[in-house]
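Notebook open, coffee poured. I want the overall build of this chain on paper before I go hunting for aromatic contacts.

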Amino acid sequence: MNRPLALERVRVVLSRTSHPGNIGAAARAMKTMGLSRLWLVAPDSFPDPVAAARASGADDILAGARVVSSLQEALADTVFAAALTARRRELSLPRMHAREAAEVIVDRTRDGEVALVFGNETSGLTNEDVGLCSLPVSIPANPDFSSLNLGAAVQLLCYELRLAALRPPPPEEPRPEFATHEQFEGFMAHLERVVTASGFHDPANPRRLLPRMRRLFNRVRLEKEEVAILRGMLTTFEQPKRR
């Protein structure tokens, strides 16, 4: 794939944005860097004249924005998702800084749709939100003053994505067909059902078992065929034993 065209496969996801002005600022940031696909998860106010004013000409981005009620919906049909987060989380995958993460994100567009996820202005993304994504991303800001406006954060990440897209692509190599977000989540739900039914997992006393297993499988990045094999094994485990 032409690397600049890869940006057409990147959806910018703003989760539970509280101020409509930040939606407009994000749309403007996206348009200046050649991104056009905006998804909004349960925004407090949208459409909103304040968003339109802050967009400063990026009205087409706002007009084409998709509004959904959950992050799961926003990640539908994606093959990869990166979450911008400033907090270190015990069960999170290893984080990347924005510049190196941009290379990974652009490269993943060769496999299909990808998402770049931003959280609420005050509280950011929840642990559950980050757990739905494949890569935590951070901005190496001044540790003494690391608070960054949402619009500025979107601008910075979109800039890094554009730089990555304009670099010469790596040599083409055969690539496996990776599992989509829905296929991976279907596998995780199946796994939870089986380990719970077997007694290995007690929902009343989870002890972080399922988040750790999610982190494990996110780290190896399952292919579609591998998901099919694992789910076939789980289905076999669910069947009654013959005497």
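What radius of gyration does the protein chain have, and what would a compact globule with 243 residues have? I looked up both: the chain comes to 19 Å, and the globule value is near 18 Å, so the two agree. Note to self: this is a predicted model.

Next I checked the box. Along the principal axes, the C-alpha atoms fill roughly 70 × 45 × 35 Å.

Then the secondary structure: I have 10 helices and 7 strands down for the protein chain. Among contacts with a separation of 6 or more, 86% join residues 24 or more positions apart.

Burial and surface came after that. I noted 44% of the 243 residues as buried. The chain exposes about 13000 Å², with carbon and sulfur atoms supplying 54% of that area.

Charges: I got 32 positive and 29 negative, and their mean positions sit 4 Å apart.

Now the aromatics. My search returned 1 aromatic pair. That pair is F187 with F217: the ring centres are 5.0 Å apart and the planes stand at 90 degrees, so I logged it as edge-to-face, the cut-off being over 60 degrees. F187 belongs to helix 8 (residues 181–197) and F217 to helix 9 (residues 209–220), so the pair ties together parts 30 residues apart in sequence.

Last entry: are these two rings' residues buried or exposed? The cut-off for buried is under 20% relative accessibility. F187 has 2%, so I put it down as buried. F217 has 15%, so F217 goes down as buried too.

How values were computed: Residues are numbered from 1 along each chain as its sequence is written. This is a predicted model: local features need pLDDT of at least 70, side-chain atom pairs count only at pLDDT 80 or more; totals for chains, interfaces and linings use all residues. Side-chain values use heavy atoms; hydrogens and water are left out. Helices (H or I, at least four residues) and strands (E, at least two) are DSSP runs, numbered from the N terminus. The radius of gyration is taken over C-alpha atoms; the globule rule is 2.2 Å times the number of residues to the power 0.38. Buried means under 20% relative accessible area, exposed over 50%, partly exposed in between (1.4 Å probe, protein chains only). Contact means heavy atoms within 4.5 Å. Accessible areas come from the Shrake-Rupley method with a 1.4 Å probe; for residues, only the protein chains shown count as cover. Lys and Arg count as positive and Asp and Glu as negative; His and the chain ends are not counted. The place of a charge is taken as NZ of Lys, CZ of Arg, CG of Asp or CD of Glu. Rings of Phe, Tyr and Trp (its six-membered ring) pair if their centres lie within 6.5 Å; planes under 30 degrees apart count as stacked, over 60 as edge-to-face and the rest as tilted.
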